[in-house]
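Me: I should like to learn how helix packing and burial are read from a model. Please take me through the features one by one.

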Amino acid sequence: GGGAGGRGAEGLEAVEGFEEAKKKAKREAEEKEKKQSEENKNKGPLLLLLIRHGTASHNAYLERLRAEAEAEGRPREEADRKWDAWLSTEDAVGRGFPLDSQDTPLTRRGREEARALGRALRAGREFRDGEGRPRGTVEDLDLVIVSPLRRALETCTLVFGAQPWANRTTGLPVPIVALDAVKEFPQGRHLANRLGEGRSALARRFAGHNIDFSRIDEEQDKMWAGAFDRSQGRGETPEELRARVEAFLELVRRLPNSPTRVAVVSHSSFLRGVLMAGEMGKKEKETKKKEKGFAKDDDVGGSLPHCEPIVFTVPAGRTSQGGNVREAAGGGHDKHPARKA
């Protein structure tokens, strides 16, 4: 009887010890998270430098269709419908369209737009917010994130060049990372938003340009194909875009070493989703509806200018504690072309 009682006591002590260890681990995790939150606050807000790619062939084609419609007195919507059909058509050239619609490259104008921005940034132009306050230069960037679509990659290489550069504070090279998460909307409909090459081919095409493709998961574009299958070819919904934007903002906020300045080379609809993220007051919503290039809450139309950086500030310390990403993203968006600073 005593032996059994002793074993029972030992078992109870083991259970109590396990529970205490769990509590200790939880306390340590909470203290670590609190410390990280304080460090984020001390470092200041997270600043995103949003850069839309240069003019690509599908952008130029839309301009051409609209110009033709206007010259012939036809409705602009007719040109837009033709463009949408082209973007959604496999083997577009074989179907009578003048250009391939998949993963479109920059035009000559688009390449010059990107080169001009690169020259301005390398000359030390400051990023300034909408109130004209300096927000740093390219040497203050901690990270560059780029869409793996060809037009964004081409823009990134022309803006930032092939040679790595160091952050002026840390002395560390500024990494450039390709992420599927910042591809254009809608996935699963427009072929311009589907990767034309897999990870290995992209790494070969852009070899020597300091771009990390290791986070592109697949040789095939399963992100686009998955959206196509879910929607039966209609593509992502605005709600799905908002969810993707929120997940991206959370990802950036939780990056190691708490970066404070991150450039994002992406696309108009995705970047507009970033700008519109968050719970804005009614007055601010009405203001944004009136601004050129900003859509209404239930719309993702309109276009941001090519290669004209926009400063977007996410308040510090909101999402690091599992808070509302919408609230964090709604901390403000300040628009200022860097080359005009």
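The dialogue below treats a helix pair and then a single helix.

Reply: This is a predicted model, in which local features need pLDDT of at least 70, side-chain atom pairs count only at pLDDT 80 or more, and totals for chains, interfaces and linings use all residues. Residues are numbered from 1 along each chain as its sequence is written, and side-chain values use heavy atoms, with hydrogens and water left out.

Me: At what angle do the axes of helix α2 and helix α3 cross?

Reply: Axes are lines fitted to C-alpha atoms, for helices over the stretch in contact, with angles from 0 to 180 degrees between N-to-C directions. Here α2 (residues 57-71) and α3 (residues 76-87) have axes that come within 8 Å and cross at roughly 150°. That makes α2 roughly antiparallel to α3 (over 145 degrees).

Me: Which residues of α2 and α3 make the contact?

Reply: Contact means heavy atoms within 4.5 Å. From α2 the participants include Tyr61, Leu62 and Leu65, and from α3 they include Ala79, Trp83 and Trp86. By class, the contact has 8 nonpolar, 1 polar and 4 charged residues; Ala, Val, Leu, Ile, Met, Phe, Trp, Tyr, Cys and Pro count as nonpolar, Asp, Glu, Lys and Arg as charged, and the others, Gly among them, as polar.

Me: Is helix α9 mostly covered or mostly uncovered?

Reply: Buried means under 20% relative accessible area (1.4 Å probe, protein chains only). Helix α9 (residues 268-276) is mostly covered, with 9 of its 9 residues buried. Ser268, found in α9, counts as buried because its relative accessibility is 3%. A polar atom of the Ser268 side chain lies 2.8 Å from the backbone nitrogen of Leu304.

Notes: Helices (H or I, at least four residues) and strands (E, at least two) are DSSP runs, numbered from the N terminus. Angles under 35 degrees count as roughly parallel, over 145 as roughly antiparallel, 65 to 115 as roughly perpendicular and the rest as oblique. Buried means under 20% relative accessible area, exposed over 50%, partly exposed in between (1.4 Å probe, protein chains only). A polar contact is a pair of N or O atoms within 3.5 Å; within protein, one must be able to donate a hydrogen and the other to accept it, and residues adjacent in sequence count only if both atoms are side-chain atoms.
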